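Colleague: I am new to reading models like this one, and I would love a close look at a single buried spot and what lies around it. Could you start there and then work outwards in one connected walk?

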Amino acid sequence: MIMRAPAEKLNPREIGTLLRGELATLGGWIEQCSMRRFALHAGVIILGTGFYGAAMGWWRDPQQALFTAVKFPLIILLTTAGNALLNAMLAPLLGLNIPFRQSFSAILMSFTVAAAILGAFSPVMAFMVWNAPPMSPAAVSGATYSFIKLANVAVIAFAGTTGNVRLFQTLARLGGSKAIAFRVLVAWLAGNLFLGSQLSWILRPFIGSPGLPVEFFRATALHGNFYENVFQTLLQIFND
Amino acid sequence: MNEPNPVPPQVPPQIPPVMASGSLRPLGDDPAERVPIPNIISAIDAILRHPRRVMFQLRQPGAGKLIAMMLLVSIVCSLIYGVVVGTFSGGTQLWAAPAKIAVGLMISALICLPSLYIFTCLSGSQARLVEVFGLLAGLLMLMTILLIGFAPVAWIFSQSTESLAWMGTLHLVFWFIATIFGLRFLEAGFSHSNARSHAGFHTWVVIFLLVAVQMTTALRPILGTANTFLPTEKQFFVSHWVDCLKAPAAAAKPGSPN
């Protein structure tokens, strides 16, 4: 008679372990790399960033809320997938000898932490948007717009920083050295920011200007890139 | 049937460790470094995770097979990255760019191999030509597999920008980062060959970088398009880059609105 192990179930309580940064448990998760846990983390990323995206886009239009709820998780998942191979190669070259699955799992975990925080803040953001006047050219130049913009920056920065602190702690435990963990984190961050910024540029708008139509992609999505635009903006500033 | 396996487990031959100068740990002192590298997957894994294993195996009899594997990986990876480079312009560049990148890389390495061997000997190194060649093949392999890691990012940008200057700069940055890691491997191997000084090696690095970037100009166009497969006039890479930066409108992606 063949004895079967009971099927593992998705356990949302694991998110608490992740947020608390229980390093011994997290180290075990990274070494085991189970598909069930990958699915849980991907689910948290889709829901957390999806809800936050919906709250962001809602101010512009309910349809924009739906679009942003789809696009925000897409950026996170595409960045993780697009840089997975590079990040797995950089880790051993910078002194952290972990296999592909473990580097992928560690990065996914850090994004899961950030997504859980964003998801938790999405009701607050939705409440702020609900209290704001309808988006119009006048509203964009007012204090409410600036406040919501700053609140978004603060929440996203807090979520990103916390995710990376957890990632740093995990890497330091895996590599046994803070110096190695720092090197790997900086390399991974640089790559993820570089690709993430461009993906955000392609998938714009997330809130959208009141003077422009609500759409999933701008017609110019694949014309130019984020860094060219920053460079041209800087040139304009210095030429004026 | 629970008979004991009559074939004894294969134990790697006990080769004495290779002593290195200074305080460096001798190659082969870790038994894992003595395990032969039987196939391409092991070679890729070894150069990323256990570069000392590659360095040790390059000093053993039969290193030629390892060198051939590393060169094969370099060619395949540079062809794949070349296809990504070619997607910027499309058309004939889809096959021309991979061919030029793979050939250019191999020719650059061949051009620089004699000078690397001379500088190695002048530095007092005991490395044989085959070992130096093997280290250079290791540099190429590490560089090109890292370029494969950059390929998804390069492809995203290829599809979303029309600026030839921007894409050229991006590919150069990726190539430069990959080359730094490759050169780190080469220098680590060089350090284990009893060299008295690294000055010669550093001089060679400058030569290698200059040859490689000039090769991109000699084989132009790699990124953009032209009427001929190879350039009809000679140009130094600096003046070529300045020309590209000065003519952004003319140097745009074919079929772009600009």
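**From one leucine outwards**

Modeller: Let's begin with Leu116(B), which counts as buried because it has 25 C-beta neighbours inside 10 Å, and the cut-off for that word is 20 or more. Please keep in mind that this is a predicted model. You will find Leu116(B) in helix α4 of chain B, which covers residues 93-122.

Which residues does Leu116(B) touch, once its neighbours within four places in sequence are set aside? They are Val132(B), Leu136(B) and Trp204(B). Two of these names help us to move on, because α5 of chain B takes in residues 129-160 and α7 of chain B takes in residues 199-218. As a contrast, try Val173(B): it is 57 residues from Leu116(B) in sequence, and their C-alpha atoms are 24 Å apart in space.

Follow Leu136(B) next. The largest nonpolar core has 126 residues, and Leu136(B) is among the members that touch the most others. That group also includes Ala43(B), Ile47(B), Leu139(B), Ile145(B) and Leu147(B), along with Val184(A) from the other chain. α5(B) gives the most to this core, with 18 residues.

Leu147(B) makes a good next stop. Apart from neighbours within four places in sequence, Leu147(B) is in contact with Cys77(B), Tyr81(B), Phe174(B), Trp175(B) and Ala178(B). Helix α3 of chain B spans residues 63-86, and α6 of chain B spans 164-191, so you can use those ranges to place the partners on the structure.

Now step back to chain B as a whole. Its secondary structure comes to eight helices and zero strands, which gives the order α-α-α-α-α-α-α-α from the N terminus on. Chain B has 258 residues, and 41% of them count as buried. If you take contacts between residues at least 6 apart in sequence, 68% join residues at least 24 apart.

How confident is the predictor here? Chain B has a mean pLDDT of 86, and 87% of its residues reach 70 or more. Within the chain, confidence is highest in helix α3, at a mean of 96, and lowest in helix α8 (residues 237-246), at 84. For the complex, the predictor gives an ipTM of 0.74 and a pTM of 0.81.

α5(B) also leads us to the other chain. The contact between the chains takes 18 residues from chain B and 18 residues from chain A. On the chain B side, α1 (40-49), α5 and α6 each supply at least two residues, and the largest share, 11 residues, comes from α5(B). That side divides into 11 nonpolar, five polar and two charged residues.

Across the contact, look at helix α5 of chain A, residues 84-93. Its buried residues are Leu86(A), Asn87(A), Met89(A), Leu90(A), Ala91(A) and Leu93(A). They pack against α6 (100-131) and α9 (178-202) of chain A, together with α1, α5 and α6 of chain B. After α5(A) comes Gly95(A), with a positive phi near 110°.

Before we finish, here are some spots in chain B to compare with our buried leucine. Is Leu245(B) buried, exposed or partly exposed? Leu245(B) counts as partly exposed because 13 other C-beta atoms lie within 10 Å. Leu245(B) lies in helix α8 of chain B. Although Leu245(B) and Trp166(B) are 79 residues apart in sequence, their C-alpha atoms are 9.0 Å apart in space.

Some backbone details deserve a look too. Most residues other than glycine have a negative phi, and most peptide bonds are trans. Asn194(B), in the loop between α6 and α7 of chain B, has a positive phi of about 65° although it is not a glycine. With 17 C-beta neighbours inside 10 Å, Asn194(B) is partly exposed. Further along, a cis peptide bond with omega of about 0° joins Arg220(B) and Pro221(B); Pro221(B) sits in the loop between α7 and α8 of chain B. Chain A has a cis peptide bond between Arg204(A) and Pro205(A), with omega of about 5°, and Pro205(A) is in the loop between α9 and α10 (226-239) of that chain.

Technical notes:
Residues are numbered from 1 along each chain as its sequence is written. Chains are lettered from A and ligands numbered from 1 in the order in which they are written. This is a predicted model: local features need pLDDT of at least 70, side-chain atom pairs count only at pLDDT 80 or more; totals for chains, interfaces and linings use all residues. Two residues are in contact if their C-beta atoms, placed from the backbone, lie within 7 Å. Helices (H or I, at least four residues) and strands (E, at least two) are DSSP runs, numbered from the N terminus. Ala, Val, Leu, Ile, Met, Phe, Trp, Tyr, Cys and Pro count as nonpolar, Asp, Glu, Lys and Arg as charged, and the others, Gly among them, as polar. pLDDT is the predictor's confidence in each residue, from 0 to 100. A nonpolar core is a set of buried Ala, Val, Leu, Ile, Met, Phe, Trp, Tyr and Cys residues joined through C-beta atoms within 7 Å. A residue is buried if 20 or more other C-beta atoms lie within 10 Å of its own, exposed if 12 or fewer, and partly exposed in between; C-beta atoms are placed from the backbone.
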